[in-house]
Amino acid sequence: MPMIGSVGVGEFLLLVLAGVGAGLTGSIAGLASLISYPALLAVGIPPVTANVTNTVALVLNSVGSVSASRPELTGQGRRLRRLAPAAALGGLAGMALLLLTPSDAFERIVPWLIGSASIALLVQKPPGELAAEAAGHPHPRGDPWWLPAGTFAVAIYGGYFGAAAGVMMLAMYLLGTGSSLPVGNALKNVVLGCANAVAAVGFVVLASIAWSAAVPLAIGLFAGGRLGPRVVRVAPQKLLRRVIALAGIALAVKLGLDAYR
């Protein structure tokens, strides 16, 4: 098969398509990594390298989704100035944790992370219901004091692996700030983008990146991120979330059997 770098043409196209699907999934459910990470494994990238490559590529997903969410970010500058530094520090801590974790330990941890993320997605209330709850509990005196600390904690997980970090961040912002779903989602995109960007810089300097796989995945993630805010308005979110969750559970079982065999 003709090659583009060390990735075949078919694999290149697969990663682009996986990136588009992951970008859309990130907009719908906050679980882009449940598609993008397995796609990297499918083309033969080792688990730890796949994880760091995925984090680098996800930066383009944030660029796409944030650029499509400018109206929702109007007036959010003060809030973001409090949350973005916490996310950056969390992403840095997660990156360091990954690099200090032996690769065999990471392979044993990942099935539990994917399984937990998938179960959380399956049982969590849809974003629309969370937004309705948030509307019933406004915060006129400002954001709760713990919001930067919560952002830091979720960003550590985002820098380490990331699947379901978007779900946790979105739920926290909807219920913690009383924001609407579009605004909460836009905040999540910016803040997780900061965490991913910091972790990605560290990985580029200190780790091995499969660039031939990162480039097509990033192209797809950017496109999916741009399309997400439009598609999410008409997509059957509950069905998609359940399908993604069940697929994630199946993947966790498979990776767990391989890791603990």
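## T25 in helix α1

In this predicted model, T25 is found in helix α1, which covers residues 9-29. The relative accessibility of T25 is 6%, and because buried means under 20% relative accessible area, T25 counts as buried. The side chain of T25 has a polar atom that lies 2.7 Å from the backbone oxygen of G21.

T25 can also be placed with respect to a residue far along the sequence: T25 and G225 are 200 residues apart in sequence, while their C-alpha atoms are 9.0 Å apart in space.

## T177 in helix α9

T177 lies in helix α9, made up of residues 165-177. With a relative accessibility of 7%, T177 counts as buried, and its side chain reaches the backbone oxygen of Y173 at 2.5 Å.

The descriptions of the two threonines can be set side by side: T25 counts as buried at 6% and T177 counts as buried at 7%, and a backbone oxygen is reached by the side chain in the case of T177, with Y173 as the partner, whereas for T25 the backbone oxygen belongs to G21.

## The second largest pocket

About 180 Å³ of space lies in the second largest pocket. Its lining is formed by Y37, P38, L41, A42, P47, E107, V110, L251, K254, L255, D258 and A259, and these residues divide into 9 nonpolar and 3 charged, with no polar residue among them.

At least two residues of this lining are supplied by each of the helices α2 (33-42), α6 (103-123) and α12 (237-260). Helix α12 gives the most to the lining of the second largest pocket, with 5 residues.

## The chain as a whole

The secondary structure of the protein chain comes to 12 helices and 2 strands. Read along the sequence, the two strands precede the helices, in the pattern β-β-α-α-α-α-α-α-α-α-α-α-α-α.

Of the 261 residues of the protein chain, 53% count as buried, T25 and T177 being included in that class. The protein chain exposes about 11600 Å², of which carbon and sulfur atoms supply 70%. Among contacts between residues at least 6 apart in sequence, 81% join residues that are at least 24 apart.

Notes:
Residues are numbered from 1 along each chain as its sequence is written. This is a predicted model: local features need pLDDT of at least 70, side-chain atom pairs count only at pLDDT 80 or more; totals for chains, interfaces and linings use all residues. Side-chain values use heavy atoms; hydrogens and water are left out. On a 1 Å grid over the protein atoms alone, a cavity is a set of points where a 1.4 Å probe fits but cannot get out, and a pocket is an open set with protein on both sides within 12 Å along at least five of seven lines; lining residues have an atom within 4 Å of a point. Grid points are joined across faces, edges and corners, and a volume is the space filled by probe spheres set on the points. Helices (H or I, at least four residues) and strands (E, at least two) are DSSP runs, numbered from the N terminus. Ala, Val, Leu, Ile, Met, Phe, Trp, Tyr, Cys and Pro count as nonpolar, Asp, Glu, Lys and Arg as charged, and the others, Gly among them, as polar. Buried means under 20% relative accessible area, exposed over 50%, partly exposed in between (1.4 Å probe, protein chains only). A polar contact is a pair of N or O atoms within 3.5 Å; within protein, one must be able to donate a hydrogen and the other to accept it, and residues adjacent in sequence count only if both atoms are side-chain atoms. Contact means heavy atoms within 4.5 Å. Accessible areas come from the Shrake-Rupley method with a 1.4 Å probe; for residues, only the protein chains shown count as cover.
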